[in-house]
Every structure is written in structure tokens, then in C-alpha cells.
Amino acid sequence: MLIGVIADDFTGASDIGVTLTTGLPEEGGLRTALYIGVPEQAADPQIGAGVIALKSRSLPASEAIALSLQACDWLLASGCRQIVFKYCSTFDSTPQGNIGPVAEALARKLGTGGVVVCPSFPAMKRTLYQGHLFVNDQLLNESGMENHPLTPMTDADIRRVLARQSQHPQGYISWQQVQQGSDEISRQLKRLAEQQIGLVVVDAITDQDLLQIAGACADAPLLTGASAIARGLPHNFIRRGETAGEIAPQFSVSGKGVILAGSCSRTTLRQIDYHRQQYAVLPLDVEQIIRGDTDTAELLKFVDDNQQKYPLIYTSGDPAQVTALQQYYGREKVSQAIEQFFAALAVQLVGAGVRRLVVGGGETSGSVVSGLGIESLVIGAELSTGVPALRVKQGQITLGLALKSGNFGDEAFFSRALARLTA
């Protein structure tokens with residue numbers, strides 16, 4: 001194994017997994033495995049990149065650090081020469097968040113400095129310029145992320161966000177410096193490392209910028225960012241003749257399908273509204289879920305009766321309504337109730353013959369995967385930007401999954417992804 005990834009949620013793990021699997025168009029990527037939590041067994045020696053999906057995004061910093069260091073130990077023991085700490089392209093992390101602390105802890109463990117911090121993902125219109133993160137043409141804190149129920153982002157300046165979380169000062173490499181190419185980026189990172197600067201925010205507004213950054217990090221023990229930062233990393237090893245590029249596998253899964261959505265992002269809400277116009281949707285009352293009053297038999301019947309209409313079950317709602325529930329019941333209680341509900345529902349759905357699941361939202365995806373007891377998955381071809389087809393075998397059952405970050409996908413994503421899991 002050459003590249004090891006520590007991802008702070010499940011959708012992000014599948015996102016960067018397909019990025020490493022795909023690599024560059026002209027040469028392919030690495031055979032990549034996705035692990036749910038830190039594996040107990042040794043890695044398959046045929047694997048070129050391993051992605052460990054943690055559920056650490058919303059954990060206190062001390063807990064996230066402990067989990068991330070444990071994952072790092074396993075990846076290093078598996079032979080990884082480069083570690084990537086993957087977080088969301090909207091940098092989901094409050095002032096008390098753990099991105100800065102985890103990145104600093106990994107840098108200390110690996111004895112390195114001048115570590116890239118770059119959440120840019122141009123294909124999803126997330127770009128970093130002058131240290132500020134944009135979503136489409138809006139600053140992060142004006143994009144709807146300021147209303148996120150768990151990690152509200154109220155500041156677009158990633159340097160300031162990191163400064164509130166971290167113990168040490170940060171460095172910065174501007175877009176103008178990035179335009180000078182990999183050699184210049186490498187020189188700047190080395191200079192900052194020599195000044196005892198640990199984390200370095202690096203601007204990127206195009207895919208080419210990210211390839212230049214990846215080239216500058218060819219020998220870096222550690223870098224951090226969203227999934228797009230990884231596109232050029234397999235090339236560094238392929239170029240040196242240390243491995244050969246491979247093409248992402250195609251596969252299909254037959255059986256009943258369902259869509260589950262728990263994200264409250266603007267994108268997911270638009271996708272649900274679009275789906276409602278043509279297909280079957282069933283909204284759930286979160287208060288009933290909290291009280292334990294939801295009729296699961298009714299949900300299973302809805303799925304069976306609407307197989308030709310791409311059945312979608314969701315708790316996603318207006319952020320103001322979610323906030324009101326959190327204020328009344330407590331944020332943790334609401335979050336736990338929804339996660340436990342989806343975990344249990346996934347088990348019942350599979351028991352009732354569902355074999356294809358499309359899941360919207362990082363927390364919801366984590367709940368579904370955990371509930372099903374999945375330990376590792378095969379990463380297939382990309383269904384939509386940043387969302388691969390995933391396959392897992394459990395005994396005699398084969399499941400096909402698509403785990404979508406709340407902000408990913410176009411309006412028709414849900415029906416298209418569910419259909420493509422059989423294509």
C-alpha cells in the first residue's frame with residue numbers, strides 16, 4: 001500500500017476513494033479499498049491505496065485525534081508512504097472543531113511540517129482564493145453552510161478558522177504563487193517548514209492548481225484537504241515506476257432499491273423537491289422518531305409498493321425547523337435519534353430484500369453503514385462527481401451502495417444513482 005487516507009466521515013471516504021481509483025484519465029489510478037473504521041486484519045497486498053472511514057467529524061478534538069492516530073498507525077504498518085487527512089470541501093468544522101488539532105497531531109506523529117491544507121474542489125465549485133473558501137460564487141458563510149445543524153460555518157477565511165483551533169501559527173501560499181508551478185510550491189512549503197510552520201493554507205481555484213500542488217507533495221509524508229487534492233497523487237508513484245495505473249471496476253447489483261436522505265443541505269433539499277415531482281417520496285416526522293413512534297412496517301410497504309418509482313424516505317427539513325427541534329430536545333438527542341433510526345431501518349430494509357441503497361448525507365451514510373455492520377467495500381466507477389458505486393458482500397448477500405455528501409450531485413442525482421447501481 002502506497003497511499004493511506006484518514007477520512008473524517010463516510011461519504012468523504014468514498015469520495016476520495018473513487019478519486020484515487022480513477023487517477024488521471026491517461027493513466028488510471030490505484031486499486032483502492034475502503035475500510036469502515038480501523039481494520040483488525042492486515043491489508044490485501046494487492047491494494048495500492050487504503051481509505052479508512054471514521055465517524056469523527058463532529059467528535060471532540062481529543063477523541064478525533066485518538067481515532068485518527070490509530071488509523072495512521074494501521075496505514076503505516078501496511079506500508080503507506082504518504083498519509084492524507086481528508087475532510088469536507090466546505091471545511092465542516094466550528095471554532096471548537098477538530099480539523100486543525102487532528103492535522104497537527106498527525107504532523108507531529110510523522111515528524112513533518114509545511115503540511116498542505118486545501119479544501120478546494122473545483123468540480124463541485126468549491127474554490128480557495130486569498131485564503132477564503134467559496135461555494136459557487138458565494139463565500140462559505142453565505143452559502144447555506146452557516147445553517148448546518150452540526151458544523152455551522154460562519155467564517156470563510158480558512159486561516160482564521162484554523163487559527164482558532166490550532167496551537168501553532170499557520171502559513172499561507174497564494175494563488176499567484178501556485179501559478180508558478182510545483183517547484184515553487186515545493187520551495188514555499190520547505191521554507192515554511194524550516195520556520196517551524198506546521199499547517200499551510202494553499203489557494204486553488206482550478207483542477208490544474210490541484211495537480212500542481214499534488215506534484216509539489218510527491219514526497220510529502222502528509223497532506224490534508226478535500227478529495228480533489230488526491231487526483232494527482234497516484235501519478236507521483238506511477239511516474240516513478242513504483243506501480244501501474246488501473247481502471248476503476250464496473251459492477252451492478254440486482255434487487256430492490258431505496259433512497260434514504262437525512263441531510264438538510266440546500267442541495268439535498270432541492271434534490272428531494274425534484275424527485276417528488278416524478279417519483280415516490282415519504283417524509284418522516286422527526287418528533288415521532290425521537291419518541292419512537294414511527295411505523296416501520298409502513299415504511300417497508302412504501303418501499304415495496306413503489307419500486308418502479310425510486311422510493312425515497314427522508315428526514316431532511318428546513319434548517320429553521322431542525323434548529324427549533326434541537327433547541328427543544330437538545331442537539332445531541334435529535335442527532336442520535338435520527339442516526340439510530342436510519343441504522344435500524346437499513347437493517348430491516350436489507351432483511352426485506354433491499355439490495356441497492358442510495359444515501360444522502362454524511363451522518364446518515366455513517367449510520368447506515370454502521371447499522372449494517374459493513375467493514376470494507378469495493379470502490380467502483382463514479383456515478384456522479386465525487387460519488388462512486390460501492391459493493392459489499394455479506395455472506396450470500398451482495399449490496400450496492402452510493403453514499404452522497406449532502407452538498408453533492410445535481411437535481412436528478414437520486415433516481416439516476418439508484419438506476420445506475422444496476423447498470
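Two strands count as paired when DSSP finds at least two bridges between them. That idea runs through several of the close-ups below, and it is worth keeping in mind that the model is predicted.

**Close-up 1. Strands β16 and β17 meet in a hairpin.** Strand β16 covers residues 376–384 and strand β17 covers residues 387–394; the two pair in the antiparallel sense over four bridges. To find your bearings, look for Ser384, whose bridge partner in β17 is Val387. Two residues lie between the strands, and Gly386 in this turn has a positive phi of about 80 degrees.

**Close-up 2. A hairpin also joins β17 to β18.** Here β17 pairs with strand β18 (residues 397–404), again in the antiparallel sense, over five bridges. A handy landmark is Lys393, which stands opposite Thr398 in β18. The turn has two residues between the strands, and this time the glycine to look for is Gly395, with a positive phi of about 65 degrees.

**Close-up 3. β6, β7 and β8 make an open sheet.** The three strands line up in the order β6-β7-β8, with antiparallel pairing. At the edges are β6 (126–129) and β8 (138–139), each of which pairs on one side only. Strand β7, residues 132–135, is joined to β8 by two bridges in the antiparallel sense. Within this view, Phe134 can be found opposite Leu139 in β8.

**Close-up 4. Helix α9 packs against helix α15.** Two packed helices are described by the angle between their axes and the distance between the axes. For α9 (residues 266–278) and α15 (residues 413–420), the angle is about 75 degrees and the axes are 8 Å apart. Because angles of 65 to 115 degrees count as roughly perpendicular, α9 is roughly perpendicular to α15. On the α9 side, the contact is made by Thr268, Gln271, Ile272 and His275, and on the α15 side by Phe413, Phe414 and Ser415. Sorted by class, the contact of α9 with α15 has three nonpolar and four polar residues, and no charged ones.

**Close-up 5. Helices α6 and α7 cross at an oblique angle.** The axes of α6 (residues 182–194) and α7 (residues 207–216) come within 8 Å and cross at roughly 55 degrees. That angle makes α6 oblique to α7. The crossing of α6 past α7 is right-handed. From α6, the residues making the contact are Ser182, Ile185 and Ser186; from α7, they are Leu211, Gln212, Ile213, Gly215 and Ala216. Four of the residues in the contact of α6 with α7 are nonpolar, four are polar and none is charged.

**Close-up 6. Gln307 sits in a loop.** This loop runs between α11 (296–305) and β14 (312–314). Leaving aside residues up to four places away in sequence, Gln307 touches Lys256, Gly257 and Arg356. For a sense of scale, the C-alpha atoms of Gln307 and Tyr172 are separated by 51 Å, and the two residues are 135 residues apart along the chain.

**Close-up 7. An annotated domain covers residues 258–414.** UniProt, in an unreviewed entry, lists this span as "domain: Four-carbon acid sugar kinase nucleotide binding". In the model, residues 258–414 are 46% helix and 27% strand, and the C-alpha atoms at the two ends of the span lie 10 Å apart.

Definitions and conventions: Residues numbered from 1 in each chain as written. Predicted model: local features only at pLDDT ≥ 70, side-chain atom pairs only at ≥ 80, totals over all residues. Heavy atoms only, no water. UniProt positions renumbered as here; feature names shortened; annotations may be inferred. Axes fitted to C-alpha atoms, helices over the stretch in contact; angles between N-to-C directions. Parallel < 35°, antiparallel > 145°, perpendicular 65-115°, else oblique. Contact = heavy atoms within 4.5 Å. Nonpolar A, V, L, I, M, F, W, Y, C, P; charged D, E, K, R; others polar. Left-handed = near helix turned anticlockwise from the far one by under 90°.
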